[in-house]
Amino acid sequence: MSAAHEQPTVVEQEQALQALQLLRDVDPAGETLDVTVAGTSESVHLPRAALDLILEVLANMAAGQGVTVVPAHAELTTQQAAQMLNVSRPHVIKLLDEGNIEYRMVGRHRRILASSLLTYQRTQLGTSRAAADELAALTEDLGLY
């Protein structure tokens, strides 16, 4: 796991925005994108999945958000998981004990796969969006919007 990156500087945000604007509409013909390295004639074959991740990183940086890259197979402590979810460590332990996030015990310590944590985040995001959509529809139905 790489160290958490601080908030990007204004210059980094602008650079990320420019790169995002250039790459956003790129649709590789196949499963790879050929990228030419500046100052050389060398071309790098970039897998589509890597391009999608780069776009996500650039979008976050352009929005002024710091980015941390964590391999899916990395095992996190409850404190690291809490930091990623932006909640307290006791809340993470509660989520683990309730079976909301998969984990394993290493001695007396809980270890959470980054992929399990991301699955939980996606589920929560989907639930939140569905609730927001339902609230918006209800508000519209009641003529409050």
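Is N86 buried or exposed? In this predicted model, N86 has a relative accessibility of 70% and therefore counts as exposed, since the cut-off for that class is over 50%. The residue is located in the loop that joins helix 3 to helix 4. Its backbone deserves attention as well: N86 is not a glycine, yet its phi is positive, at about 60°. The paragraphs below begin with the chain as a whole and then return to the elements on either side of this loop.

The protein chain contains 5 helices and 5 strands. Read from the N terminus, these elements follow the order α-β-β-α-β-α-α-β-β-α. In overall dimensions, the C-alpha trace spans about 55 × 55 × 35 Å along its principal axes. The radius of gyration of the protein chain is 20 Å, whereas a compact globule of 145 residues would have a value near 15 Å. Buried residues account for 20% of the 145 residues. As for contacts between residues at least 6 apart in sequence, 50% of them link residues at least 24 apart.

The surface may be described in terms of area and charge. About 10400 Å² of the protein chain is exposed, and carbon and sulfur atoms contribute 54% of that area. The chain carries 10 positive and 18 negative side chains. The centres of these two sets are 15 Å apart.

Helix 4, which comprises residues 89-97, offers a clear example of a helix with a buried side. Its buried residues are V92, I93, L95 and L96. These residues lie on the same side of helix 4, because they cover an arc of only 160° around the axis. The underlying principle is that an α-helix has 3.6 residues a turn, so residues three or four places apart point the same way. On the face of helix 4 turned away from the buried side are the exposed residues P90 and D97. Which elements cover the buried residues of helix 4? The cover includes helix 3 (78-85), strand 5 (109-113) and helix 5 (114-141). Beyond the helix comes G99, a residue with a positive phi near 85°.

Helix 3, one of the elements that cover helix 4, contains two residues with contrasting environments. T78 belongs to helix 3 and has a relative accessible area of 10%, so it is buried. Apart from neighbours within four places in sequence, T78 is in contact with R89, V92, I93, L96, R110 and I112. Of these partners, V92, I93 and L96 are among the buried residues of helix 4, so the contacts of T78 show at residue level how helix 3 takes part in covering them. Q83 also lies in helix 3, but its relative accessibility is 56%, and it therefore counts as exposed. The C-alpha atom of Q83 is 20 Å from that of G126, a residue 43 positions away along the chain.

Strand 5 is another part of the cover over helix 4, and R111 is found in this strand. With a relative accessibility of 23%, R111 counts as partly exposed. Once neighbours within four places in sequence are set aside, R111 is in contact with E75, L76, T77, Y103, R104 and V106. R111 and A74 are 37 residues apart in sequence, and their C-alpha atoms are 9.4 Å apart in space.

Helix 5 is likewise included in the cover over helix 4. Within helix 5 lies S116. Is S116 buried or exposed? Its relative accessibility is 14%, so S116 counts as buried. Leaving out neighbours within four places in sequence, S116 is in contact with I101 and E102.

A further site is located in helix 2, which spans residues 48-62 and includes I54. I54 has a relative accessibility of 34% and so counts as partly exposed. With neighbours within four places in sequence excluded, I54 is in contact with L23 and L46. I54 and L23 are 31 residues apart in sequence, with a C-alpha to C-alpha separation of 9.3 Å.

Conventions: Residues numbered from 1 in each chain as written. Predicted model: local features only at pLDDT ≥ 70, side-chain atom pairs only at ≥ 80, totals over all residues. Heavy atoms only, no water. Helix = DSSP H or I, 4+ residues; strand = E, 2+ residues; numbered from the N terminus. Rg over C-alpha atoms; globule rule 2.2 N^0.38 Å. Buried < 20%, exposed > 50% of the residue type's maximum accessible area, 1.4 Å probe, protein only. Contact = heavy atoms within 4.5 Å. Areas by Shrake-Rupley, 256 points an atom, 1.4 Å probe, with all protein chains shown as cover. Lys, Arg positive; Asp, Glu negative; His and termini not counted. Charge placed at Lys NZ, Arg CZ, Asp CG, Glu CD. Arc of directions from axis to C-beta.
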